[in-house]
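Here are my comments on the model you sent. Please read them with the coordinates open.

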Amino acid sequence: MPIPQSKVFRVAGMQCQHCKKTVEDMVGKLSGVESVNVDLEAGTVEVKYNLEQVDTEAIEGAIAGAGYDVIKGD
Ligand SMILES: [Cu+2]
């Protein structure tokens, strides 16, 4: 059974629809990611994913690889 998980990442530097699409595409490519939703105004990326296939480090890596900074700390 897949274990569904949802997490909201805070991300700096996303400013327009292009940024939104880039992040959604890059994170969405990871296997195990079910959905990606960028909120430009809030500066957040909500990701629904399967814990058994992908972890937060991989997701953060994809966001960083797209050229944006994940803001750490709760
Ligand atoms: Cu942009």
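The points below go from the metal site to the sheet, the core and some single residues.

1. Status of the model. This is a predicted model. Please keep that in view for each point below, the metal site included.

2. Copper site. Which atoms coordinate the copper ion? The donors are SG of Cys16 and SG of Cys19, at 2.0 to 2.1 Å. The two cysteines fall into separate accessibility classes. Cys16 is partly exposed, because its relative accessibility is 36%. Cys19 has 9%, so it counts as buried.

3. Surroundings of Cys19. This ligand sits in helix α1, which spans residues 17-28. Beyond its neighbours within four places in sequence, Cys19 contacts Gly13, Met14 and Tyr68. Glu41 is not a sequence neighbour: 22 residues separate it from Cys19. In space the two C-alpha atoms are 12 Å apart.

4. Strand pairing. β3 has a partner in both β1 and β2. With β1 it runs antiparallel, and 7 bridges join the two. With β2 the sense is again antiparallel, over 6 bridges. Two residue pairs help to fix the register. Phe9 stands opposite Val45 of β3. Val36 has Val47 of β3 as its bridge partner.

5. The β2-β3 hairpin. These two strands form a hairpin, with 4 residues between them. Check Gly43 in the turn: its phi is positive, at about 70°.

6. Burial of β3. Is this strand largely enclosed or largely open? It is largely enclosed by the rest of the structure, because 5 of its 7 residues are buried. In a regular strand, side chains alternate between the two faces of the sheet.

7. Nonpolar core. The largest core holds 18 residues. Val27, Val45, Val47 and Ile59 have the most contacts inside it. The elements giving two or more residues to this core are β1 (4-12), α1, β2 (33-39), β3 (44-50) and α2 (56-65). Both helices named there and the three strands therefore contribute to the core.

8. Val45. This core residue deserves a look in its own right. Leaving out residues up to four places away, it touches Lys7, Val8, Phe9, Val11, Met14, Val23, Val36, Asn37 and Val38. Phe9, its opposite number in the strand pairing, is thus among its contacts.

9. Thr44. This residue is in strand β3. At 17% relative accessibility it counts as buried, since the cut-off is under 20%. Apart from residues up to four places away, Thr44 touches Val8, Phe9, Arg10, Met14, Asn37, Val38 and Asp39.

10. Glu60. Where does this acidic residue lie? It is in helix α2. Glu60 is buried, because its relative accessible area is 14%. Not counting residues up to four places away, its contacts are Phe9, Val70 and Lys72. Please comment on this residue in your text.

11. Aromatic rings. How many aromatic pairs does the whole structure contain? A search finds 0. There is, however, a charge over a ring. Lys7 lies over the face of Phe9, at 5.4 Å from the ring centre. Phe9 also turns up among the contacts of Val45, of Thr44 and of Glu60.

How values were computed: Residues are numbered from 1 along each chain as its sequence is written. This is a predicted model: local features need pLDDT of at least 70, side-chain atom pairs count only at pLDDT 80 or more; totals for chains, interfaces and linings use all residues. Side-chain values use heavy atoms; hydrogens and water are left out. Donors are N, O and S atoms within 2.8 Å of the metal (3.2 Å for Na, K and Ca); water is not among the atoms, so sites may look incomplete. Buried means under 20% relative accessible area, exposed over 50%, partly exposed in between (1.4 Å probe, protein chains only). Rings of Phe, Tyr and Trp (its six-membered ring) pair if their centres lie within 6.5 Å; planes under 30 degrees apart count as stacked, over 60 as edge-to-face and the rest as tilted. A charge sits over a ring if NZ of Lys or CZ of Arg is within 6 Å of the ring centre and within 35 degrees of the ring normal. Contact means heavy atoms within 4.5 Å. A nonpolar core is a set of buried Ala, Val, Leu, Ile, Met, Phe, Trp, Tyr and Cys residues joined through side-chain atoms within 4.5 Å. Two strands pair if DSSP finds at least two bridges between them.
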